[in-house]
Amino acid sequence: MCGIFGYIGSKRATPILVDGLRRLEYRGYDSTGIAVKNGEISIFKKVGKVSEMQSILPSNIQGTSGIGHTRWATHGGVTEENAHPHASSSGDVVIVHNGIINNSRILRASLVAQGVELKSETDSEALAHIIEIELAVDNNPEAAVRRTLQKASGTWGLCVLFKNHDVIVVAANGSTLEIGKGDGEMFISSDGPTLSEFTDRVVHLHDDDIAVLTATSITRSSLKGDRKSVEVSVLEKSWGEADLGEYEHYMLKEIHEQPDALRHCISGRLDRVRGNGRLGGLRLSPSALAKVPHVRLIGCGTALHAAEIGQLLIEKLARIPAVTHIASEFRHNDPVINPNALHFAVSQSGETADTLSAIKEIQLKGAQVYGVVNVVGSTIARQCGQGVYIHSGPEQAVASTKAFSNMVVALTMFALQVGRSRSISKEKGKEIIHGLQQIPHLIEEYLEDVGPIMEAVELVKDAKSVFFLGRGISAPVAKEGALKLMEVAYIPCLAYPAGEMKHGPIALLEEGSPIIFVVPNDHVKEKTVSAIHESKARGAKIILIHEEGDEISEEGDVNIAIPKVHPLLSPLLTVVPMQLIAYHTALALGNDVDRPRNLAKSVTVE
Ligand code: F6R
């Protein structure tokens with residue numbers, strides 16, 4: 001979703017801004033722009049990719065400070081006028097903004113009444129004009145931004161460039177902004193890890209912060225005007241390269257990175273002697289764990305599906321009631337919160353606005369929330385203050401793959417740890433640990449011979465819709481398979497627990513309708529086979545994901561074998577063929593597999 005990159009220093013700003021924006025591209029966006037100060041402030045913007053905006057840039061723009069933006073439209077269509085940066089009437093004040101100004105209609109109306117001509121339909125533009133009006137009061141950039149934001153309600157990551165002042169003023173509220181401190185230069189990014197190419201020293205802006213940046217100084221204060229100290233922390237490097245390496249697309253690269261990502265996630269977190277998990281970041285003693293009344297997990301999209309698998313594992317291994325919630329619904333339903341219960345927020349990016357609001361709701365009602373997060377130091381990680389990093393490494397493709405597996409493994413280790421403090425034996429614990437340790441190798445084995453994926457692609461690529469069915473622990477895996485195919489191939493997909501099919505969805509089946517069945521060798525296998533027969537009898541074409549050597553291995557029209565796996569850990573294997581089907585179908589249809597239309601990697605609006 002929208003991204004911000006800024007620079008003030010002694011180097012030419014333009015190439016740095018373009019480089020920074022390219023690093024933010026994976027978040028998803030529809031238009032791009034930069035503003036560079038060189039006496040005047042010059043603005044260049046374009047609908048489309050960073051490369052398209054770059055193609056309109058004059059060859060040698062001077063200027064050593066500037067701000068850039070990638071926009072994902074919320075208020076107003078995808079047009080050049082609505083793309084950021086936005087300038088005040090005189091052009092002396094230029095802003096880029098992430099987030100939403102809730103009272104923008106009132107602010108815009110009041111500007112129009114004062115004779116200001118608004119050039120865009122955005123909620124953001126009003127800020128540039130109000131800052132200019134406030135600047136006329138005392139010619140103080142920081143004070144002008146402060147008074148402007150005191151009039152605004154909503155969320156912001158804001159960067160302001162001034163024609164007549166050698167500073168960039170930045171402000172944050174509910175939208176991440178980080179300052180990278182270099183030697184005689186400062187960088188600004190809405191995505192901390194992108195700063196690692198430029199510096200390893202960062203300053204996190206907190207909600208209600210305003211900071212004034214020069215090339216060599218940072219002055220931080222609150223929205224009210226109180227001075228605050230500037231805390232510099234070291235940016236943690238995550239494992240894995242963010243470039244494509246030998247792969248054609250990030251999605252394929254990340255599917256293939258799953259074995260190593262899983263190794264990173266479990267490393268040092270399994271106690272083989274005691275048959276137990278060792279998730280230190282949870283800071284929960286066995287006696288505290290033994291008293292937990294119930295567990296609630298929240299997330300969106302892929303993270304939600306991982307949470308649903310976690311829920312089943314927690315109930316199975318720890319014998320504690322567990323329930324999963326869609327984060328975007330959670331706070332609006334005024335949930336009853338038990339402060340003694342355990343709450344988990346699951347998120348790859350750590351920036352998802354819906355998940356963040358749910359966390360704040362739980363915290364407001366007196367309970368703690370544990371993060372299950374990939375991006376180190378992200379907003380959700382900091383808001384929770386405790387939890388588990390899943391250590392997937394950077395995930396660049398919009399469609400999440402390796403983060404899903406690591407979320408599942410992190411929640412499995414948690415279920416094991418609670419299970420050992422309550423119900424399951426050391427032997428059972430050792431069995432799960434043994435199973436977990438096998439998984440990276442089993443995925444590698446599968447990836448060496450993925451089976452008839454292209455036959456499956458032939459069956460789904462021109463279909464009106466595709467069903468995904470599974471039971472028990474495979475029901476959420478089926479949902480994840482459906483989400484992947486929908487996201488990158490734009491084919492309507494329906495996912496159901498297989499037993500539910502006969503209660504309605506079966507009406508959709510026609511001769512040749514493709515159905516992907518997820519059927520590992522577990523206690524519900526036989527029941528799922530009945531659903532396969534019912535579907536075949538109505539003309540459906542079956543793509544069957546099964547364990548190798550299983551007696552059901554010929555039940556499908558296309559049969560994809562995964563290696564034998566512990567029944568509780570099967571999602572880590574069964575999901576992989578579905579990731580590959582989604583990837584290859586998107587390619588067969590000529591889609592931009594890493595940057596599917598309309599989607600964003602980091603969904604920072606509610
Ligand atoms: C699916 C996908 C989205 C995200 C969802 C939550 O491939 O990418 O459904 O899973 O937006 O994002 P995070 O995990 O960053 O909170």
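## An exposed residue with a positive phi

R319 counts as exposed, because its relative accessibility is 58% and the cut-off for exposed is over 50%. Please keep in mind, as you look around, that this is a predicted model. You will find R319 in the loop between α9 (301-318) and β19 (322-326). Its phi is positive, about 55°, although R319 is not a glycine. Most residues other than glycine have a negative phi.

## Two more backbone features in loops

D208 is another place to stop. Its phi is near 75°, again a positive value in a residue other than glycine. D208 sits in the loop between β11 and β12 (209-213). How accessible is D208? With a relative accessible area of 35%, D208 is partly exposed.

At P85 the feature to look for is the peptide bond: the one from H84 to P85 is cis, with omega near 0°. Most peptide bonds are trans. P85 belongs to the loop between β4 and β5 (86-87).

## An open sheet and the helix across it

Now for the sheet. Eight strands make up an open sheet, and following the order β3-β2-β4-β1-β10-β9-β11-β15 takes you across it; the pairing is antiparallel. Which strands form the edges? They are β3 (40-47) and β15 (233-234), each of which pairs on one side only.

For a look at one pairing, take strand β9 (residues 178-181) and strand β11 (residues 201-204), which are joined in the antiparallel sense over three bridges. Here I179 stands opposite V203 in β11.

Helix α1 (residues 13-24) lies across four strands of this model, namely β1 (3-8), β2 (31-38), β4 (65-71) and β10 (186-189). The helix runs at about 155° to β1.

## The buried side of α15

Helix α15 spans residues 453-460, and its buried residues include I453, A456, V457 and V460. Why do these four lie on the same side of α15? They cover an arc of only 105° around the axis, which puts them on the same side of the helix. The general spacing rule is handy here: an α-helix has 3.6 residues a turn, so residues three or four places apart point the same way.

## Around the ligand

The ligand is surrounded by 16 residues, and the closest are S347, Q348, S349, T352 and E487. E487 also offers a polar contact: an N or O atom in its side chain is 2.7 Å from an oxygen atom of the ligand.

Two further residues are worth a look. A polar side-chain atom of K484 is 3.0 Å from a ligand oxygen atom. At S400 the partner is a polar backbone atom, 2.8 Å from an oxygen atom of the ligand.

Technical notes:
Residues are numbered from 1 along each chain as its sequence is written. This is a predicted model: local features need pLDDT of at least 70, side-chain atom pairs count only at pLDDT 80 or more; totals for chains, interfaces and linings use all residues. Side-chain values use heavy atoms; hydrogens and water are left out. Buried means under 20% relative accessible area, exposed over 50%, partly exposed in between (1.4 Å probe, protein chains only). The arc is that of the directions from the helix axis to the C-beta atoms. Two strands pair if DSSP finds at least two bridges between them. Contact means heavy atoms within 4.5 Å. Axes are lines fitted to C-alpha atoms, for helices over the stretch in contact, and angles run from 0 to 180 degrees between N-to-C directions. A residue is near a molecule or strand if one of its heavy atoms lies within 4 Å of it. A polar contact is a pair of N or O atoms within 3.5 Å; within protein, one must be able to donate a hydrogen and the other to accept it, and residues adjacent in sequence count only if both atoms are side-chain atoms.
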